[in-house]
Amino acid sequence: MNDLGSSLRLLADAAGIAEAARFLGSGCTVAFPTETVYGLGADASDPVAVARIYAAKERPRFNPLIAHVAEFASAQAQGVFDDAALALAKAFWPGPLTLVVPAGPNCTVCDLARAGLASVALRVPGNAVARDLLARVGRPVAAPSANRSGRVSPTCAAHVLADLDGRISAVLDGGTAPVGVESTVVACLGGPPRLLRPGGVTRAALERVLGYHLADADPGTAPVPIGPGLLASHYAPRARVRLHAVSAAPDEAVLAFGGIPETVEVLARLDLSPAGDLAEAAANLFSALRSLDASGAASIAVASIPETGLGEAINDRLRRAAAPR
Ligand code: TXA
Ligand code: MG
């Protein structure tokens with residue numbers, strides 16, 4: 001664990017982005033905004049820098065990281081894209097999609113960031129600050145979500161500092177992440193593409209581009225290890241999480257959706273989207289879990305969320321938050 005005193009907070013203006021790029025270029029860890037959640041970045045080609053990510057997060061060492069690049073051409077220099085990967089990259093990059101592809105012969109993403117795998121996870125994020133930063137760094141930036149391992153992902157700089165202050169060099173503050181759940185992870189490793197993690201791009205949108213049904217990863221036979229984002233218990237607040245609640249006890253906190261459950265006296269209550277909008281619900285999910293957790297309630301009662309569209313990613317995160325620890 002590296003103790004760096006308190007971490008620097010940089011504004012995401014031209015000077016702040018340039019400073020963040022200098023930090024990353026010199027082997028330091030910097031948290032930065034993407035459209036999904038904040039990432040904890042380090043130079044993906046530098047194993048010492050990448051090791052600092054694992055130490056700050058207390059992340060199990062053998063879980064591979066996503067390498068972020070500013071544009072598609074830079075991703076193509078790192079990995080081998082088959083037809084499916086090409087179609088998905090063209091349709092959804094820049095954006096909340098991560099493609100796991102075979103590492104190319106000139107791949108510079110180090111073994112530690114790839115957890116020793118023959119594949120590499122690549123993403124071109126969709127927000128201007130991240131792309132400006134990545135273009136200035138000029139090398140792939142490895143970045144998992146900028147939270148302590150197993151905790152709720154951060155959607156603003158304050159969340160990052162709540163978990164990692166003093167453990168990272170700096171956070172680039174670019175406001176609130178608009179998507180609110182992590183990227184969709186799809187493996188394109190020669191066979192049919194597989195959905196490893198639901199996320200900001202919906203299954204229906206992927207299938208529209210592919211023109212066929214997208215298979216799920218089979219944890220028994222998957223050619224890739226199960227990463228922390230795929231573990232049963234993850235994204236966990238301190239409070240117990242109770243799903244499909246239709247009512248709540250007075251000593252519970254409530255995470256509602258579309259006005260349901262209608263509760264009167266509870267410890268705390270937030271509605272992910274009073275209008276029942278799934279994009280709004282995804283954007284609010286992690287910060288709502290954090291603030292309900294801060295209410296001190298021993299249990300958070302969560303409404304049912306439809307399994308359609310972004311609901312698949314929201315329910316995936318909620319099931320992990322509710323899983324036995
Ligand atoms: O939205 C996001 O994806 C955020 C932002 C910062 O980009 N990042 C993120 O990273 O959520 P992380 O490390 O929390 O999740 C990355 C997921 C993990 O489940 C990991 O196991 C999987 O991607 N992954 C990475 N490389 C892989 C590989 N070569 N094969 C299979 N899975 C891989
Ligand atoms: Mg994560």
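# Note on the cavity, ligand site and sheet

1. Thr184, Leu195, Pro198, Gly199, Val201, Thr202, Arg203, Leu206, Gly309, Glu312 and Ala313 line the second largest cavity. Helix H8 (203-210) and helix H10 (311-322) are the elements that give two or more residues to this lining. Helices (H or I, at least four residues) and strands (E, at least two) are DSSP runs, numbered from the N terminus.

2. The model is predicted: local features need pLDDT of at least 70, side-chain atom pairs count only at pLDDT 80 or more, and totals for chains, interfaces and linings use all residues. Residues are numbered from 1 along each chain as its sequence is written, chains are lettered from A and ligands numbered from 1 in the order written, and side-chain values use heavy atoms, leaving out hydrogens and water.

3. How much space lies in the second largest cavity? About 50 Å³. The count comes to two cavities of 30 Å³ or more. A cavity is a set of points, on a 1 Å grid over the protein atoms alone, where a 1.4 Å probe fits but cannot get out; lining residues have an atom within 4 Å of a point. Points are joined across faces, edges and corners, and the volume is the space filled by probe spheres set on them. The lining of the second largest cavity divides into five nonpolar, four polar and two charged residues. Ala, Val, Leu, Ile, Met, Phe, Trp, Tyr, Cys and Pro count as nonpolar, Asp, Glu, Lys and Arg as charged, and the others, Gly among them, as polar.

4. Now the ligand. Ligand 1 is surrounded by 24 residues, each with a heavy atom within 4 Å of it. Thr36, Arg59, His68, Ser183 and Arg197 are the closest. By class, the shell holds 12 nonpolar, eight polar and four charged residues. Strand S4 (66-68), strand S6 (119-123) and strand S10 (194-197) each supply at least two of the shell residues. S6 gives the most, with three.

5. Three serines make polar contacts (N or O atom pairs within 3.5 Å) with ligand 1. The side chain of Ser119 has an N or O atom 3.0 Å from a ligand nitrogen. For Ser145, the partner is a ligand oxygen, at 3.4 Å. A polar side-chain atom of Ser183 is 2.5 Å from a ligand oxygen. Of the 680 Å² of accessible area that ligand 1 has on its own, the protein covers 98%; areas come from the Shrake-Rupley method with a 1.4 Å probe.

6. The sheet is open and has 11 strands, in the order S1-S8-S2-S3-S7-S4-S6-S5-S9-S10-S11, with mixed pairing. Its edge strands are S1 (8-11) and S11, each pairing on one side only. Strands pair if DSSP finds at least two bridges between them. S1 runs parallel to S8 (170-173) over four bridges, with Leu11 opposite Asp173.

7. S10 has two partners to check. S9 (184-187) pairs with S10 in the antiparallel sense over three bridges, and Ala187 stands opposite Arg194. The two form a hairpin with six residues between them; Gly190 in the turn has a positive phi of about 110 degrees. S11 (215-216) runs parallel to S10 over two bridges, with Leu195 opposite Asp216.

8. Check the backbone too. Most residues other than glycine have a negative phi, and most peptide bonds are trans. Glu58 has a positive phi of about 55 degrees; Glu58 lies in the loop between H2 (47-57) and S4. The Trp93 to Pro94 bond is cis, with omega near -10 degrees. The Ile260 to Pro261 bond is also cis, with omega near -5 degrees.

Note on methods: Polar contact = N/O pair within 3.5 Å; in protein donor to acceptor, adjacent residues only side chain to side chain. 1 Å grid on protein atoms, 1.4 Å probe; cavity = no way out; pocket = protein on both sides within 12 Å on 5 of 7 lines; lining within 4 Å.
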